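Here are some exercises to work through with the model open beside you. Try each task before reading its solution.

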Amino acid sequence: MTALSRFSVFLSLFTSIVAYAFAQSPKSASKAPVDSLNKPNVIFILADDLAWGDLGCYGNKKIATPNLDRLASRGILFTNFYANAPVCAPSRAAFFTGRYAEGSGAYYGEGSNQIDVPVSMPNLATTFKQAGYRTAHIGKWHLSPEKRPDQYGFDEYKIRETHSWRELQKDPHFRAHSTQYFVNDAIEFIEARPDDPFFVQLWTILPHDILFPTEQQMAQYEQYDMRKKFDIPGFTFTSAEQVYYASVTALDDHLGRLFTYLDSTGLSKNTLVIFTSDNGPGIMESLQCGHSAAGNTGPFRGRKFSIYEGGIRMPLIVSLPGQIPEAVVDNQTVLAGVDFLPTLAALAGTKAPLPVDGQDMSQAWWGKATRRESPLFWRWHWKMPPQPYHRSPILAMRNDDWKLLMNPDSSRVELYNVTIDPGELDNVAKEHPQRTAEMQRELLEWNQQLPVAKYEPEAGKNDYPWPGTKK
């Protein structure tokens with residue numbers, strides 16, 4: 001055999017080996033995930049006031065969430081995902097527009113929980129419509145007090161704010177059954193034209209207060225029923241655990257029906273399902289949820305109304321069986337609600353409208369851990385939790401492993417490495433003066449670019465009326 005022949009044999013063998021290796025390897029995460037001829041359907045499920053630690057797949061040992069746990073087993077679970085506000089309206093505005101609500105023109109009035117997203121602002125609905133999708137919004141709205149979802153680009157909508165379920169809402173247990181109605185309407189929308197690509201924004205109202213689950217729903221958590229633990233005549237109170245756990249499981253039950261429908265019709269093979277929450281769990285001192293405030297923030301400090309981790313770090317699960325890697329836990333990628341618009345635009349095969357504050361994180365959604373190109377920022381100057389331990393400063397930013405919190409007057413400067421100190425217990429600002437100074441400068445510069453805000457009197461304060469001191 002000549003040298004040329006031997007080289008030809010070697011080249012042929014080498015090519016075969018490489019081809020085999022590529023055939024056996026998983027799909028490359030750096031490859032564009034969208035087939036322009038077969039656009040993935042998208043269902044974006046946003047729970048209301050669900051905490052990071054409420055799901056079994058996030059470590060909860062008490063609440064049964066088998067359907068969402070299974071969704072996580074069929075996709076990617078992210079542990080570093082953030083809402084962009086500790087209450088629902090500005091958080092939802094960020095999901096919808098890719099912009100921080102503080103700087104997007106979405107605020108009106110003096111209260112920071114008041115939102116009116118401009119109709120002219122590019123959003124998820126218009127982005128998907130431009131990509132050829134049918135669009136629907138079902139469930140909670142809360143992006144404008146008067147404007148309807150169809151004014152923002154949705155083909156169809158049913159929202160509670162306009163009493164879409166007028167007769168059903170006469171039932172005192174409407175909230176307890178609400179996810180069932182929302183899922184029914186989502187399935188009806190999909191079934192009308194299942195061969196056309198669709199985007200469904202399904203925003204639940206569970207487990208937001210006021211929670212009033214049925215006795216049947218609470219029966220699964222009988223061990224937490226205080227009425228049966230104590231034989232006291234006239235004792236009619238159950239526990240916050242039973243009320244809250246039953247409500248989360250009711251949410252999971254009916255989302256499970258949606259997932260089963262997708263599997264039974266074969267739609268799950270080309271439907272991206274996204275699940276997350278808008279902010280941390282309610283506080284016991286709120287009149288509406290004093291009987292149900294059992295949300296679990298996991299290892300994190302803070303709850304709703306706080307920009308400590310428990311108020312803004314949320315569960316995020318993305319699943320598309322056969323295309324997205326399964327049973328993956330991503331502990332590296334830092335994501336946020338403002339990333340949804342650029343990320344979903346990329347997955348739909350179109351460009352995100354500019355400007356956006358978020359980043360295209362589609363590579364992370366496809367299994368490749370991705371580093372942020374810019375920090376995340378928060379400003380919260382409205383209602384605060386009553387306990388000093390949960391009362392955060394007004395401003396915050398996260399850059400890689402580091403999170404800085406401070407007030408605009410440079411008081412309460414707190415620096416945490418939230419990778420090794422997720423509970424934000426060890427303030428290391430003095431140990432890292434250069435890093436602290438750099439992050440302070442960047443955070444204050446960001447705040448100065450925002451509209452002037454009227455602060456609530458207690459915003460950013462964590463003092464307590466210690467006995468013997470002047471009030």
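A residue counts as buried when its relative accessible area is under 20%, as exposed when that area is over 50%, and as partly exposed in between. Keep in mind that this is a predicted model.

**Exercise 1. A serine in a helix**

Task: Find serine 178 and decide whether it is buried or exposed.

Solution:
- Start with the location: serine 178 sits in helix 5.
- Next, take its relative accessibility, which is 0%, so serine 178 counts as buried.
- Finally, look for its partners. Skipping residues up to four places away in sequence, serine 178 touches Ile205 and Leu206.

**Exercise 2. A loop with unusual peptide bonds**

Task: Stay with Leu206 and work out what kind of peptide bond leads from leucine 206 to proline 207.

Solution:
- Check omega: for the bond from leucine 206 to proline 207 it is near 0 degrees, and the bond is cis.
- Place the residue: proline 207 belongs to the loop between strand 5 (198–203) and helix 6 (215–218).
- Walk a little further along. Aspartate 209 and isoleucine 210 are also joined by a cis peptide bond, with omega at about 5 degrees.
- Isoleucine 210 lies in the loop between strand 5 and helix 6.

**Exercise 3. Helix 5 against helix 8**

Task: Describe how helix 5 packs on helix 8, and say which residues make the contact.

Solution:
- Two packed helices are described by the angle between their axes and the distance between the axes.
- Get both values: the axes of helix 5 (residues 174–192) and helix 8 (residues 240–265) come within 8 Å and cross at roughly 15 degrees.
- Angles under 35 degrees count as roughly parallel, so helix 5 runs roughly parallel to helix 8.
- Add the handedness: the crossing of helix 5 past helix 8 is right-handed.
- Now list the residues. Helix 5 brings Ala176, Thr179, Gln180, Val183, Asn184, Ile187, Ile190 and Glu191, while helix 8 brings Ala250, Leu251, His254, Leu255, Arg257, Leu258 and Tyr261.
- Sort them by class: this contact of helix 5 with helix 8 has nine nonpolar, four polar and two charged residues.

**Exercise 4. Helix 2 against helix 8**

Task: Repeat the analysis for helix 2 and helix 8: at what angle do their axes cross?

Solution:
- The axes of helix 2 (residues 66–73) and helix 8 come within 7 Å, crossing at roughly 45 degrees.
- Helix 2 and helix 8 are therefore oblique to each other.
- For the contact, Pro66, Asn67, Leu68, Arg70 and Leu71 of helix 2 meet Asp252, Asp253, Leu255, Gly256, Phe259 and Asp263 of helix 8.
- By class, the contact of helix 2 with helix 8 comprises five nonpolar, two polar and four charged residues.
- Leu255 of helix 8 may look familiar: it meets helix 2 here, and it also takes part in the contact with helix 5.

**Exercise 5. A covered helix**

Task: Work out how many residues of helix 3 are buried, and what covers them.

Solution:
- Go through the helix residue by residue: Cys88, Ala89, Pro90, Ser91, Arg92, Ala93, Ala94, Phe95, Phe96 and Thr97 are buried.
- That is 10 of the 10 residues of helix 3 (residues 88–97), so the helix is largely enclosed by the rest of the structure.
- The cover includes strand 1 (41–47), strand 2 (75–82), helix 4 (124–130), strand 5, strand 6 (271–277) and helix 10 (340–347).
- Step past the end: just after helix 3, glycine 98 has a positive phi of about 75 degrees.

**Exercise 6. Positive phi without glycine**

Task: Check the backbone of aspartate 400 and serine 410, and find where each one lies.

Solution:
- Aspartate 400 is not a glycine, yet its phi is positive, at about 55 degrees.
- Aspartate 400 is in the loop between strand 11 (395–399) and strand 12 (402–406), and with 31% relative accessibility it counts as partly exposed.
- Serine 410 is not a glycine either, and its phi is positive at about 70 degrees.
- Serine 410 is in the loop between strand 12 and strand 13 (414–417); its relative accessibility of 37% makes it partly exposed.

Definitions and conventions:
Residues are numbered from 1 along each chain as its sequence is written. This is a predicted model: local features need pLDDT of at least 70, side-chain atom pairs count only at pLDDT 80 or more; totals for chains, interfaces and linings use all residues. Side-chain values use heavy atoms; hydrogens and water are left out. Axes are lines fitted to C-alpha atoms, for helices over the stretch in contact, and angles run from 0 to 180 degrees between N-to-C directions. Helices (H or I, at least four residues) and strands (E, at least two) are DSSP runs, numbered from the N terminus. Angles under 35 degrees count as roughly parallel, over 145 as roughly antiparallel, 65 to 115 as roughly perpendicular and the rest as oblique. A crossing is left-handed if the near helix is turned anticlockwise from the far one by less than a right angle, and right-handed if clockwise. Contact means heavy atoms within 4.5 Å. Ala, Val, Leu, Ile, Met, Phe, Trp, Tyr, Cys and Pro count as nonpolar, Asp, Glu, Lys and Arg as charged, and the others, Gly among them, as polar. Buried means under 20% relative accessible area, exposed over 50%, partly exposed in between (1.4 Å probe, protein chains only).
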